[in-house]
Amino acid sequence: MVMLLAAILGMRLLNLILLGIITWIAAFATIRYVMEKFLYRKIKLIYKLIYQTKATPQEEFFQSHILPRPTMEEVQRDVELWASQQRDELEVLRKNEKFRKEFLMNLSHELKTPIFAIQGYIHTLLDGAIEDPEVNRMFLKNAAKNVDRLCKLIDDVDEISRLESGEIRLNKEAFIIQDLIKDVFDLLSLKAAQKNIQFYLKKGCETPVTVYADKERIREVLINLIDNSIKYGKQDGHTFASVYNTDEQHVLVEISDDGIGIAEEHLTRVFERFYRTDKARSRDAGGTGLGLAIVKHIIEAHGQTIHVRSKPDIGSTFGFTLELFRE
């Protein structure tokens, strides 16, 4: 009887243990299933946030039933990569916003200067100065001068916008770069004569070099650079042009002067829009502050580079590369 009772109790204990094990396994499986579903939903939300795309029903089926689910390590790696990309993008946006604000502020300032001058001359004339023959013509000339400056500024802003957007197409052709330099020298000779500045093509650079580029755009580059050498050149100064074959594919063109030069801290920014090393002097010289920015865009549109070397009171050298023409 005792043996039978012990056997029954043993069977019940064994059943209880088996039941406990089965219950624990079932609970573990249930919890794991629920956790996996929960985590998978969260992971899906993370990936939706990362890729910002809505999956099609077919993609949802493949992701849910066929494709292997990403491990936590893979998710962590993807999230870290996404976060890094977001930081880089935000940094670019911050820089662009800063650049935009600076550009608008500079543009506003550049526009105000001629507009206020025109306004002042016109109001003075309306207040009675128009009856004074000694000042009315002078005031009208000054107002017209500022209107011309305002039109030039608007034209430059429009051109640089089109250059940046890629709207302007290059019409490349083969031409001798020395001939174009001489044409620009002749064009600006009267302006140079006012300061008795002499133009020279450096010795050893006389041999004709044929380049392949948009001739009229490169003419614009040379006019801007040579005109600057006159504006910021010294009385009785010199402007030199040099042409060098750097390799079998490129030509280096340099425009040098012995003028006032540029301080080292300004060299990295001279090609920025509206950047002036000496705002008062630059504005008095009649520039819009966009010339060098346009030059840079034209050269870069050719797939080439431009640089500057300068020292105060010694002079400046602007150099740019062009494609060498090969028949």
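**Entry 1: Lys 231 and its partners**

I looked up Lys 231 and recorded it as partly exposed, because its relative accessible area is 22%, and buried residues must fall under 20%. The model I am reading is a predicted one. The side chain of Lys 231 forms a salt bridge with that of Asp 227, with 3.3 Å from N to O. I located both residues in helix H7, which covers residues 215–231. They are 4 residues apart, or about one turn of the helix. Is Asp 227 buried or exposed? I noted a relative accessible area of 13% for Asp 227, so this residue is buried. I then found that the bridge belongs to a network of salt bridges, which links Lys 191, Asp 227 and Lys 231.

**Entry 2: Other salt bridges**

I noted a count of 8 salt bridges. One of them joins the side chains of Glu 323 and Lys 172, at 4.0 Å from N to O. This pair connects distant parts of the chain, since Glu 323 lies in strand S7 and Lys 172 in strand S1 (residues 172–176), 151 residues apart. I entered Glu 323 as partly exposed, at 32% relative accessibility. Lys 172 is also recorded as partly exposed, and its relative accessible area is 33%.

I next examined Glu 300 and Lys 296, whose side chains meet in a salt bridge of 2.8 Å, N to O. Helix H9 (residues 291–301) holds both residues, 4 residues apart, about one turn of the helix. Glu 300 has a relative accessible area of 39% and is partly exposed. For Lys 296 I wrote down 28%, which again means partly exposed.

**Entry 3: Aromatic rings**

I found 5 aromatic pairs in the structure. How are the rings of Phe 271 and Phe 318 placed, edge-to-face or stacked? Their centres are 6.1 Å apart and their planes stand at 90°, so I classed the pair as edge-to-face. The pair links distant parts of the chain, 47 residues apart. Phe 271 sits in the loop between strand S5 (250–257) and helix H8 (279–284), while Phe 318 is in strand S7, residues 315–323. I checked the burial of each ring-bearing residue: Phe 271 is buried at 15% relative accessible area, and Phe 318 is buried at 8%.

**Entry 4: Strands**

I traced the pairing of strand S4 (residues 238–245) with strand S2 (residues 198–201), which is parallel and has 4 bridges. Within it, Phe 199 has Thr 239 in S4 as its bridge partner. S4 also pairs with S5, and here the two strands run antiparallel with 7 bridges. Ser 242 is matched with Glu 254 in S5. A hairpin of 4 residues connects S4 to S5.

**Entry 5: A nonpolar patch**

I looked up a nonpolar surface patch of about 930 Å². Its members are Met 11, Leu 14, Ile 17, Leu 18, Ile 21, Ile 22, Trp 24, Ile 25 and Phe 28. I placed Trp 24 in helix H1, residues 2–51. Trp 24 counts as exposed because its relative accessibility is 58%, and the cut-off for exposed is over 50%.

**Entry 6: The whole chain**

I closed with the chain totals. There are 9 helices and 7 strands. Of the 327 residues, 31% are buried. I recorded an accessible surface of about 21700 Å², with 59% belonging to carbon and sulfur atoms. Among contacts between residues at least 6 apart in sequence, 76% join residues at least 24 apart.

Key
Residues are numbered from 1 along each chain as its sequence is written. This is a predicted model: local features need pLDDT of at least 70, side-chain atom pairs count only at pLDDT 80 or more; totals for chains, interfaces and linings use all residues. Side-chain values use heavy atoms; hydrogens and water are left out. Patches are made of residues with over 30% relative accessible area and no salt bridge: like charges are joined within 9 Å, nonpolar side chains (Val, Leu, Ile, Met, Phe, Trp, Tyr) within 5 Å. Accessible areas come from the Shrake-Rupley method with a 1.4 Å probe; for residues, only the protein chains shown count as cover. Buried means under 20% relative accessible area, exposed over 50%, partly exposed in between (1.4 Å probe, protein chains only). Rings of Phe, Tyr and Trp (its six-membered ring) pair if their centres lie within 6.5 Å; planes under 30 degrees apart count as stacked, over 60 as edge-to-face and the rest as tilted. Contact means heavy atoms within 4.5 Å. Two strands pair if DSSP finds at least two bridges between them.
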